Amino acid sequence: MASHRAAAFGLLLFCILPSFFALAQWKTAKPGKNYQFPADHHTHPDFQTEWWYFTGNLRASEDGHELGYQITWFRQGIRPPGDRAEVQSRFVIDHLHFVHLAVSDVRRKAHHFEQIAHRGAYGEAGTGAAPAGQQPLVWVDPCRLTLKEDGSFHIVAKNSDGTLALDLRLRPTRAPVFNGVGGLSQKAPGEGNGSHYYSLTRMETTGEVRVDGRSYSQVTGLSWFDREWSTSALGDGQVGWDWFALNLSDGADLMLYQLRRDDGTRSPFSSGTLRKPDGTIIHLPSEAYQLQPGRTWKSQDTGGHYPVEWKITLPEHALDVTVSAAFDAQEMALFPVTYWEGAVRVEGSHSGEGYMELTGYAGEVPLH
Amino acid sequence: MARAIVGKRVVSLFCHFALLRQFVWRHARLHPLIALLNIASIALGVAVYLAVQVANHSATRAFEASIDLVSGKSQLELYPTSGPLDDVFFHDVNSHPSVAAATPILEAYATLSDHPGEYLRILGIDVFTNAPFQTLSPGDVAGVESAATDKATVFKWLASPGQLLITDRFAERHRLSVGSPLMVQINGASTALEIAAIRPVSELDEATSDRFALMDIGWLQELTGRSSELDSIQIILEEGHSIDAARSSLGEALPPDIVVTTPVQRSGQVETMLRGFRLNLTALSMVSILVGVFLIYNTVAASVVRRRTEIGTLRATGASRGLVRGLFLEEAALYACLGALVGVPAGILLSRFLVTQVSSVISVHYLLVHVARAFADPLHVIQAIAYGVAAALAGAWIPSGEAASLDPANALRPASGAQQAAAWRWRTPAGLASLVACAAIAWGALHGLPPGWTFVSCFLLMVGFSLLVPSAIRLFARPLELVMRGKAELALAVDNLTRSLHRNSMTAAALMASIAMMVGVTIMVRSFRETVDLWMHRTIVADIFVAPSANERIGMHSFLSPAVRDFALSLPGVTAGDSYREVVIANAEKPYALAVIAGPARDNLPLLRPSAEVSAGSWQEPGKALVNQPYQRRFGVEVGDRVAVPAPEGEVSFEVVGVYHDYADDQGQIAISRENFDAHWKDPRYHSLALYLKPGTDAQEIMEALRARFSPAGELSIYANAQLRQRVFEIFDQTFAITYVLKTIAIAVAVAGILLTLTTLVRERLREIAVLRAIGASRAQVAFSFMAEAGCIGLCSALVGIVCGLGLAVILTHVVNLAFFGWTVRFFLPWAELLPIPIWVTAIAALAGVIPARLAAQTDPAPPLREL
């Protein structure tokens, strides 16, 4: 039964938080990185934390049914590079792998999600080395991400009882966007407290989705792929963040996040990236934008109060929009980390759609 | 009308209680010692019985808790019978459609370098899959203040070797905290582990011992050199899937020597293993109850005689026989209740001590168990109290009958002795019949009856001889009479012996029973010891023995490193090294073991039927095996039969070419050569080494070299031949220590009986004593006569007791050992210990007569004479 298999994987996710003693042995993100593709799509095992993060808005071709999806493969390092002595046992692992899978049924206002983790002792979770096509990029059975030779991605995923499934092909339409400055996205003060972060912002998506047992065999839409790897500590006093990934109707793509501190202010290390319709990439430091939370929604499951409407202004770029959740109840009530992640709609000076992630509103310390 | 009747009943009940209170209290006030003795005798029986039951029950609880720790929530478990369980199967099991959750388990046992005598059972768990099965895990955050510490813990747990989770009790006892190092010995080598987390043990079953720790399964595999091995896989099934269907479907997918079973069957195995041991303990505890019966009999009989006047008065004023009998019985019951009140807490206290003894005997001989605390099941307490009251009533039955049948007129006249020689005739034929029945049942126990019947036959033996005691006394009286004709006092003593047979025979019977038990047990234990000594002469022939020291303390869980053998053989003077390996075949119903013996010199197993050919080593040929005697008995196997042993590839069949004596085991073993083992099992490990030296080599030097190289912290036990034999005897003596306690109690009780009986007799014979004094006997003469009578009782009892004891010894040695444990023990009569018995028993009995004798001597002759 799903509950048995899914039971208390959460404790492992405590490992997500880098423990200080090991930090010194992992590689840290440094400025001046030269991203190479497809090599950098693959895993970076000397860094402690890494993920492959997909979100997207899809429509069923039969009846225009709107769906949103999120699937993220996480890798958390267990044995640091300097400490990987030869072992005979298959149970001793170097990395911890787990996946979050969610599908939002906008018309029905229903959100379905699951978290799956495997030890990997039997090859049921892992990452693949280059070249692409031979092995998946990353997998946590039964969720696999494969990079095709033509540069497109293939996602095949299911939840444990088969009620949710994704079989999607994603074709990047633009070059990767590098977030941060000089290939480094700084998150907190101090050297090494940053990540290497790039996004494939607008990917044409086709395929099949199954949600709550109902199948939609022809869906199309746009997906956003966030890639990040790092070995960094959480900054002092940071309680969570709000993150937006928006595809605007004029062809612009906007990624913004703010790190919230316990005194209610925004960390100066918050930033964003705007990709203009003509392809120019603009790094947005914290001063360049305002995020104003609007209406909140209270979760029955966890008691968290999430602002599900936001006003976003980029004065220099004549952008003044309201971002609202396609429907309110898109919380990922997982143990031990609970966060809100859902499809959003954009209105105002620009229109569009995208995804929003809100963490730190329901108690536990968020993922980093 | 009805109310009047009820009212009458209430009033009469009330009156009865008032009468009873007077009856008891008056006597108790006058003779407080007797009252105390009554209470004490029942208290003793209740305490010992309860202590044994509690000890047994606590051991059971401890076993169940230790099994529960791993499989408490499982519906099925998988484990290998002989070879290891390859961890590759876990994936298949986990993905089986019937399986909702599965988790792998690995177990290892470590001894603590700094705390000899203590051990740690280390469970290797997989935190990814273990959660549905166990309440204690490293990520158990409930109750932990710092979530951040916990995250670091799990991280370290998975990333680093040697990380242990221990219980809070264990940590307290050894003053450990998170981050402390812990030196342990595993497989005969020392390693340092680190405490990663401490969890309260209160979340588990109370009976769980705190001597366990958790480690990540991957790192435990590395630590013990057992990567790719598992000890078990625990399974929870999907709802709606039947256990039997899942079991057979899983069984098909797995190799033939993997057992799929329910956890209940595992604890059933433990029960079977311990059944013989438990029954013996319970039988011993019943003895203490019988002792209580006897003591009560004596005290009540004595009090009947003392209270003749009281009884006469009661009867004369209208009390019925029933009422009198009832009063005595109720008095006994009352004392029983008081005795139980003392006995129950005493029993619980005693059980704490007993629990330690029981658990160490079980650990050394059967299975490792640590009984953390004593558990008193209320049912056992009720049983103990019930037995106590029953014992008191049984003991008081005959004397209260005597009291009821006293003639009131006679009773009121003091000092008229009760002369009840009537109706003893049935005793002798009854006694003989009992002996015949005893023999029949003993024969039956060897040929099919459940072993428990041997105790019945022992009981019948004692009853039979007890019934024969009156005839025996009469028989002895004649030659004694002849011998003592000279002195008047002695002649009188012998005469009194037979005339007061009704009293003396009871006492003599009790003394006889005690002596018989003492003799029987002494002979049995000595026979056993001599047999073991002979056996060791045959089997322990090597010069030096080496094994991991943990095996001695906690069982065969550790293996010897091959480096030890290589090094030993390289030393000058070492001519050969035999190895020994035990493989427990965890068969679902009756577990037994495979003894794997390597080395040409190990062909000296003592066969039941000596055969030169087999001894020369033909049993080591392919396809052949020897079985030990317990195996032969338990599985009904004879020479020429075939036995099938489950091996990784399927069952392997061996022809049994001989049966050998083995006193180190009672579950059964099949002995095969190492070559035979290697042909079917891919497992080069072994448990111990035996080294043979060239004549003239200094064994001490070799032992020192080994110690220096491999055992700086005592990781190995290295014994020279003589030392090993000594050690065996130490364990032997420790195991039989409890029988010595029994012997002492038995004698003390019997002596108390003599005292009471003779005191009673003095009262009964007041008139005679008065007459004797009147016609000129001196006080000293009267006293001496009583002492002589006591001495004669002692002498008769001793002689009959020795005969009975010999019979008991025969049953214990030949029947009990064979029926329960499968051992043939050679009968050995320790003449030197037996011959003095009549002498000192007579002396003690005579001494016991001193007080009654004084009493008799000080009697004023005048009052009784006036009544004449």
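This note goes through the two chains of a predicted model, point by point.

1. To begin with secondary structure, chain B contains 30 helices together with 20 strands, whereas chain A contains three helices and 25 strands, and a student who traces each chain in the viewer may wish to keep these counts at hand.

2. As for extent, the C-alpha atoms of chain B occupy a box of roughly 100 × 80 × 50 Å, where the three lengths are taken along the principal axes.

3. On burial, chain B is made up of 868 residues, of which 56% are buried, while in chain A, with its 368 residues, the buried share is 57%; a residue is called buried here when its relative accessible area is under 20%.

4. Turning to contacts along the chain, and taking those with a separation of 6 or more, residues that stand 24 or more positions apart provide 82% of them in chain B, and the corresponding share in chain A is 59%.

5. With regard to the surface, about 36000 Å² of chain B is exposed, and carbon and sulfur atoms supply 63% of that area, whereas chain A exposes about 13900 Å², of which carbon and sulfur atoms supply 50%.

6. Finally, on charge, chain B carries 68 positive side chains and 73 negative ones, with Lys and Arg counted as positive and Asp and Glu as negative, and the centre of the positive set lies 17 Å from the centre of the negative set.

Methods:
Residues numbered from 1 in each chain as written. Chains lettered and ligands numbered in written order. Predicted model: local features only at pLDDT ≥ 70, side-chain atom pairs only at ≥ 80, totals over all residues. Heavy atoms only, no water. Helix = DSSP H or I, 4+ residues; strand = E, 2+ residues; numbered from the N terminus. Buried < 20%, exposed > 50% of the residue type's maximum accessible area, 1.4 Å probe, protein only. Contact = heavy atoms within 4.5 Å. Areas by Shrake-Rupley, 256 points an atom, 1.4 Å probe, with all protein chains shown as cover. Charge placed at Lys NZ, Arg CZ, Asp CG, Glu CD.
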